[in-house]
Amino acid sequence: MNEGIQTGFDEKTATATAKIKKKKTLEEKIMEKDQEFQKYKEKARQAVAEKKRMEKEKKEKERKANTHRKIMIGGTVEKIIGRSLTDEDLIRFQNFLYQQERRGEFFTRAMSEQLSDGF
C-alpha cells in the first residue's frame, strides 16, 4: 500500500535508536554491581551462619557422647561394687587409679589389652 512513500523511518534508524536506549549509564552499571554485591554479601552471611550452626551441632553431639560415656563408666563401677557411688568413693577410686598408674601403668595397660572372651 505505502510502498512508494518514504516516512523517514527505516530499520537502521530503529535499531540505532534501540541501541541507544538499551545502553546503560555508568551510574546504572554501578547500581547493578552494588545490588550484585549485596546479593553475594547476603549469601556469604547465610553461609557463615550455617557453618556456625553446624559447628554448634557438632559440639553438642560430642558433648552428649562424652556425657553418655561418663555415665556408662559410673554405671559400670556401681554395678561392680554393688551400690551407688558416694563422693568419698569417687575420691578413693581416683586415688586407686593414680596409684595403679604410678606403680606400673596397670590401668592403662589393662585398658589397652584386647577384651578376653570372659567379658
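**Exercise 1. A pair in helix α2**

Work out how many residues apart Lys64 and Glu60 sit in helix α2, and what links their side chains.

*Solution.* Start with the placement: both Lys64 and Glu60 belong to helix α2, and they are four residues apart, about one turn of the helix. Next, recall some helix geometry: an α-helix has 3.6 residues a turn, so residues three or four places apart point the same way. Now check the distance. The closest N and O atoms of Lys64 and Glu60 are 3.4 Å apart in this predicted model. The cut-off for a salt bridge is 4 Å, so Lys64 and Glu60 form one. Last, look at the accessibility: Lys64 has 49% and counts as partly exposed, and Glu60, with 35%, is partly exposed too.

**Exercise 2. More pairs, and a network**

Find the salt-bridge partners of Glu55 and Glu57, then say which residues are joined into one network.

*Solution.* Take Glu55 to begin with. Its partner is Lys51, with the closest N and O atoms 3.9 Å apart. That value is within the 4 Å limit, so the pair counts. Both residues lie in helix α2, which covers residues 26-81, and they are four residues apart. Glu55 has a relative accessibility of 41%, so it goes down as partly exposed.

Now Glu57. Here the partner is Arg53, and the closest N and O atoms are 2.9 Å apart. Because Glu57 and Arg53 are four residues apart in helix α2, about one helical turn separates them. Glu57 comes out as partly exposed at 34%, and so does Arg53 at 41%.

Then go back to Lys64 and Glu60, four residues apart in α2. As for the network, salt bridges with shared partners join Glu50, Arg53, Glu57 and Lys61 into one. By the same distance rule, the count comes to ten salt bridges.

**Exercise 3. The overall layout and the confidence**

Describe the secondary structure, the span of α2 and where the confidence is lowest and highest.

*Solution.* Count the elements: there are four helices and zero strands, and along the sequence the pattern reads α-α-α-α. Then take α2. It has 56 residues and reaches 82 Å from its first C-alpha to its last, close to the 82 Å expected at 1.5 Å a residue. Step just past α2 and you meet Gly82, with a positive phi of about 80°.

On to surface and burial. Of the 119 residues, 3% count as buried. The accessible surface is about 11,900 Å², and 57% of that belongs to carbon and sulfur atoms.

Finish with confidence. The mean pLDDT is 86, and 80% of the residues reach 70 or more. Confidence is lowest in helix α1 (residues 11-22), at a mean of 66, and highest in α2, at 96. Where pLDDT is low, the predicted coordinates should not be read in detail.

**Exercise 4. Two residues in α3**

Decide whether Asp89 and Gln100 are buried or exposed, and list their contacts beyond four places in sequence.

*Solution.* Asp89 sits in helix α3, residues 87-104. Its relative accessibility is 7%, which falls under the 20% cut-off, so Asp89 counts as buried. Beyond its neighbours within four places in sequence, Asp89 is in contact with Ile81, Arg83 and Ser84. The side chain of Asp89 also makes a polar contact with the side chain of Arg92, at 2.4 Å.

Gln100 is in helix α3 as well. At 17% relative accessible area, under the 20% cut-off, Gln100 is buried. With neighbours within four places left aside, Gln100 is in contact with Glu105, Phe106 and Phe107.

**Exercise 5. A positive phi outside glycine**

Locate Glu105, give its phi and classify its accessibility.

*Solution.* First, the place: Glu105 is in the loop between α3 and α4, and α4 covers 106-112. Second, the backbone: phi of Glu105 is near 50°, a positive value in a residue other than glycine. For background, most residues other than glycine have a negative phi. Third, the surface: with a relative accessible area of 45%, Glu105 is partly exposed. To tie this to the previous exercise, Glu105 is one of the residues in contact with Gln100.

How values were computed
Residues are numbered from 1 along each chain as its sequence is written. Side-chain values use heavy atoms; hydrogens and water are left out. Helices (H or I, at least four residues) and strands (E, at least two) are DSSP runs, numbered from the N terminus. Buried means under 20% relative accessible area, exposed over 50%, partly exposed in between (1.4 Å probe, protein chains only). pLDDT is the predictor's confidence in each residue, from 0 to 100. Contact means heavy atoms within 4.5 Å. A polar contact is a pair of N or O atoms within 3.5 Å; within protein, one must be able to donate a hydrogen and the other to accept it, and residues adjacent in sequence count only if both atoms are side-chain atoms. Accessible areas come from the Shrake-Rupley method with a 1.4 Å probe; for residues, only the protein chains shown count as cover. The expected span of a helix is 1.5 Å times one less than its number of residues.
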